[in-house]
Structure formats: C-alpha cells, structure tokens
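Please examine the structure shown here and read the points below beside it. They are arranged so that each may be checked against the model in turn.

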Amino acid sequence: ATLIDLRKCIGCESCVYYCKDANAQKYPEPLKPFPEMYPRKRVKAEDWSDKRDETTRLTPYTWLYIQRVKVNYKGKEYELNIPRRCMHCQNPPCANLCPWGSAHKHANGITSIDSSLCLGGAKCKDVCPWRIPQRQTGVGLYLKLAPTLGGNGVMYKCDRCLDKVKNGEIPACITECPEGVQKIGPRNEIVREAKAIAAEIGGFLYGLEENGGTNTIYISPVPFDEIDKALDKGEGKPHMKPVEDTMASADLLSKAMIIAPVAGIAAAVGRNFNVVKKIFGGDTENNG
C-alpha cells in the first residue's frame, strides 16, 4: 500500500510529470481515422491523443494529477494538494467484473489493465466507485476482432509502476517527490503508521475502509467530507466521498462468480490470438 500525506504536498506536480516519463512507453498511439462505430449515437469515440499534456484531470495519458482545494475547518483555512490516481482496491470490482479478464489484481496489491486484452468496453469504469479508468479509441484488440461492433479502444489507468515494483524498485511518483509526500510498504505497516499519525495530529484517513479497503491511504488534517465539498468533480476528476464495499453486494458477487471463468477463457483466447498474430506477422498489442 501507499500512504499519501496531504500535509506535505506542495502541488509542484513533479509526480505527475515523472509518472508520464516513466510510463510513456505504455501510452496509446491510436490508428486514425477511427472505425465508424455502431450504433453511432450510443458509441462515441474518445480521443485524448491530441491532448497528451492535459494535467487537470485523469486521461489515458495522465494517470496521476493534482486536485487543489481550499477548506475552512475550525476557523482555519487550509490549502491542500491531492495526488489522485487509481486507489488499487483490495477487492477491486474492475478486476472482478471485467468480462475479458484484462483487469487483474496482483499479489503485490497493484491492479492493472492488460492493454493487449482490453476491448475498451468501460465495464471497469462503470463499476469503479471513483470512475478512474479512461478510454482511448483507435487502439487495441477490438481493431482486429470487430472494429465496428466491439469495444471502442482500451482503458488506461495507473498501474503503480508495476514493472518497477516487480523488480523491487519504487514507483516514480514516490522516488521523484521532493517533499516525501508518499510512502510505500506492506499494507499492515502503512495502516499502522497512518493511524499513528492521525492520532498524533487529530487527522483523518481515506482509503482505510473505502470500498472495503484500498491500497492507497490518504491522511489529512481536515475531514474528507469537507474536502469533497470543495473538490472540482466530474469526468476524470474523482470524488472523496465515503464508499461502501462494492463487492459486498450479493448481486455483484454472483456476477463475479459467473464472469470469472468466462473472463479466464476470454483472456486465454486473447493471449493466444496475440501470439498467433505475432508469429504470422502483425502485433495486436497496440500500446504505442
């Protein structure tokens, strides 16, 4: 898990730009013009390829950005800068309910989306309490399988520098922060430290219980309901409201049980399809 101490963040955006540098090879390079989707009114292209420098919200090219708020609490004004990215839930609905098996939770607590398997159907975004994943049209497996009817691209989000973490390294947003805003470690240790700091400063925690618990824990000197009231929210701009455990729903649990074997088969088919395409020429793993 990671601990993000909002008292320390000065909003310099070093984490934002180092994240972009570290993950540039994973960003989409869409094929244009986009295939015409059917039905036209329901399926619309989502294209961020000409707005790659956008840093005021989450996009397929910005997996981390800074939300800025001013909050009055107990007669004092606070200016807070909040690094926002995927919460990396302990029991992620995006991974549990992805019909193609492209979203996956790893043993190290990271949830990632395999761009070589994703069809861009946005189920992950629909079931995410914060609507974190963002879609880029004109890239991915749907172009090979059913460019008119299937998917509409690939979903992208923070994978917490998965390759680095697998190699025992630290995510770029943490190593390059000049203020030491974030800390990473085993979740039980991070939670223990977060609770100790909160008790010491009379602070507040977010992510400890949200959606059944996440692997991103925020600590703040002001309540998160006050922060949420002050946030500029909307598409690509997540809220900070309390979130009940999504997967505790019997309906969603039953869906997950049905989807899991289907998703496993779909993932196997997708991977084999990619292997065959590589062998005989052409590459469907269109990350860029």
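1. In this predicted model, Thr 2 has Thr 216 of strand 10 as its bridge partner. The pairing belongs to a set of four bridges that join strand 1 to strand 10, and these two strands run parallel.

2. Strand 10 also pairs with strand 9, here in the antiparallel sense and over three bridges. One residue pair to locate is Phe 204 with its bridge partner in strand 10, Ser 220.

3. Are the residues of strand 10 buried or exposed? Five of the five residues are buried, so the strand is largely enclosed by the rest of the structure. Their directions divide into two groups: Thr 216, Tyr 218 and Ser 220 point one way from the strand, while Ile 217 and Ile 219 point the other way.

4. Tyr 218 deserves separate attention. Setting aside residues up to four places away in sequence, Tyr 218 touches Ile 4, Leu 6, Ile 82, Pro 83, Arg 84, Arg 85, Met 87, Phe 204, Leu 205, Tyr 206, Phe 224 and Met 240.

5. Tyr 218 is also among the residues with the most contacts inside the largest nonpolar core, which has 51 residues. The others named in this respect are Ile 82, Trp 130, Tyr 206, Ile 227 and Met 240. Elements that each supply at least two residues of this core include helix 1 (14-23), strand 2 (65-73), strand 3 (76-84) and helix 8 (224-230). Strand 2 provides the largest share, five residues.

6. Apart from that core lies another, of eight residues, among them Leu 3, Ile 190, Ala 194 and Ile 219. Two of the residues named here, Ile 190 and Ala 194, are buried residues of helix 7, the subject of the next point.

7. Helix 7 comprises residues 187-201, 15 residues in number, and reaches 21 Å from its first C-alpha to its last, close to the 21 Å expected at 1.5 Å a residue. Its buried residues are Arg 187, Ile 190, Val 191, Ala 194, Ile 197 and Ala 198. Why are they on the same side of helix 7? They cover an arc of only 130° around the axis, and this puts them on one and the same side of the helix. The face turned away from the buried side carries the exposed residues Arg 192, Ala 199 and Glu 200.

8. What covers the buried residues of helix 7 includes strand 1 (2-5), strand 8 (182-184), strand 9 (204-206) and strand 10 (216-220). Just after the helix, Gly 202 takes a positive phi of about 65°.

9. The loop between strand 9 and strand 10 contains Thr 214. Thr 214 is buried, with a relative accessible area of 0%. Leaving aside neighbours within four places in sequence, Thr 214 is in contact with Met 87, His 88, Cys 89, Gln 90, Trp 130, Arg 187 and Gly 207. Of these, Arg 187 is one of the buried residues of helix 7.

10. Finally, the protein as a whole. It contains nine helices and 10 strands, and buried residues make up 52% of its 288 residues. Among contacts between residues at least 6 apart in sequence, 67% join residues at least 24 apart. The accessible surface comes to about 13600 Å², of which 53% belongs to carbon and sulfur atoms.

How values were computed
Residues are numbered from 1 along each chain as its sequence is written. This is a predicted model: local features need pLDDT of at least 70, side-chain atom pairs count only at pLDDT 80 or more; totals for chains, interfaces and linings use all residues. Side-chain values use heavy atoms; hydrogens and water are left out. The expected span of a helix is 1.5 Å times one less than its number of residues. Buried means under 20% relative accessible area, exposed over 50%, partly exposed in between (1.4 Å probe, protein chains only). The arc is that of the directions from the helix axis to the C-beta atoms. Contact means heavy atoms within 4.5 Å. Two strands pair if DSSP finds at least two bridges between them. Accessible areas come from the Shrake-Rupley method with a 1.4 Å probe; for residues, only the protein chains shown count as cover. A nonpolar core is a set of buried Ala, Val, Leu, Ile, Met, Phe, Trp, Tyr and Cys residues joined through side-chain atoms within 4.5 Å.
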